[in-house]
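Work through the following exercises with the structure open beside you. Try each task before reading its solution.

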Amino acid sequence: MRVLLIGANGYLGRFVADRLLADPAVQLTALGRGDDADVRFDLASGSPGALTRFLDAVHPGVVVNCAGAIRGGARELTRHNTVAVATVCEALRRSGCGARLVQIGCGAEYGPSQPGSSTAEDAVPRPGGPYGVSKLAATELVLGSGLDAVVLRVFSPVGPGTPAGSPLGRLAEAMRRAMQTGDGELKLGGLGVQRDFVDVRDVARAVHAASLSAAQGVINIGSGRAVRLRDAAGTLARVAGYGGALHELDGPPGHLRSAVGHPRGDSDHAPPVTYPYPDGCGSWQQADVRTARDRLGWRPRINLEESLADIWMEAACRI
């Protein structure tokens, strides 16, 4: 099976590439903007016709799209998350390769949900920010394309390679600084939010399973369990061996005086910050993952403590 992987150098894409390369039946070709891609192509600015010519030449059986942007203004997010997917869909429609499309969506497409609830695929999406809107628009393009396609709505990916700018990445960096300076107190803000964390390696397994399956439509990929960021911080402190005190700064989102991870003494000089999870999903998100189990035979295997330990190992290497 020849697989064309778009976005192989991104956070998710790197692990998807590793997983696919481990399958001896897969021939992998990477397409992206970086110099180390097998083929350099910018989805946001390249034409569907040029991509069609490449598809006809390579003739993949599966196209996996892990490319996209998670930060930026509405225009940039639309260009990289929506226009890019429109290019992929149009190229696949024009091509004679007949490839299956596995599109990586996100839990932010759903928007805020009721605390205590699990969000299933039939929930009406109401994204609360431009990122979720741009990803939802991409999902709708895929679902309306008439292609053999599946969209994996990935909730909050964690594990090795977690970006330093993410909430858990900032927590690890703050703890690293505190341990390096001998600071016995760490002030943290906005830890009341609860998210469904899923290890990036489990996400890669789901992509592999979706590539081999005939499943179509939308499938949630998460752990099926919401975890409070405050509890994740406590687990991270334990695996890191940080014996200092964790103090949560009170205050509603948008009025926090300190971002996640400002050590003692910094908060008085820290600029005002926004909600630590600016994904437009409010205080709670938890996936219903029964469809992934039933249609892909997929279940998460890696628990949050192991994911956090791997995040810490990378942070500790910077000491």
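A residue counts as buried when its relative accessible area is under 20%, and as exposed when that area is over 50%. Keep in mind that the model is a predicted one.

**Exercise 1.** Decide whether Thr52 is buried or exposed.

*Solution.* Begin by locating Thr52, which lies in helix H2, spanning residues 48–58. Its relative accessible area is 8%, and because the cut-off for a buried residue is under 20%, Thr52 is classed as buried. Then look at its surroundings: leaving aside residues up to four places away in sequence, Thr52 touches Ala91, Arg94 and Ser95.

**Exercise 2.** Describe how H2 packs against helix H3 (residues 74–94).

*Solution.* Start with the axes, which come within 8 Å and cross at roughly 50°. That angle makes H2 oblique to H3, and the crossing is right-handed. On the H2 side the contact is made by Pro48, Gly49, Leu51, Thr52 and Leu55, while H3 contributes Thr87, Val88, Glu90, Ala91, Leu92 and Arg94. Sorted by character, the residues of this contact are six nonpolar, three polar and two charged.

**Exercise 3.** Carry out the same steps for helix H7 (residues 229–240) and helix H9 (residues 304–316).

*Solution.* The axes of H7 and H9 are 9 Å apart, and the packing angle is about 60°. H7 is therefore oblique to H9, and the two cross in a right-handed sense. From H7, Ala232, Thr235, Leu236, Arg238, Val239 and Ala240 meet Leu304, Glu305, Leu308, Ala309 and Trp312 of H9. Sorting the residues of this contact gives eight nonpolar, one polar and two charged.

Methods:
Residues numbered from 1 in each chain as written. Predicted model: local features only at pLDDT ≥ 70, side-chain atom pairs only at ≥ 80, totals over all residues. Heavy atoms only, no water. Axes fitted to C-alpha atoms, helices over the stretch in contact; angles between N-to-C directions. Helix = DSSP H or I, 4+ residues; strand = E, 2+ residues; numbered from the N terminus. Parallel < 35°, antiparallel > 145°, perpendicular 65-115°, else oblique. Left-handed = near helix turned anticlockwise from the far one by under 90°. Contact = heavy atoms within 4.5 Å. Nonpolar A, V, L, I, M, F, W, Y, C, P; charged D, E, K, R; others polar. Buried < 20%, exposed > 50% of the residue type's maximum accessible area, 1.4 Å probe, protein only.
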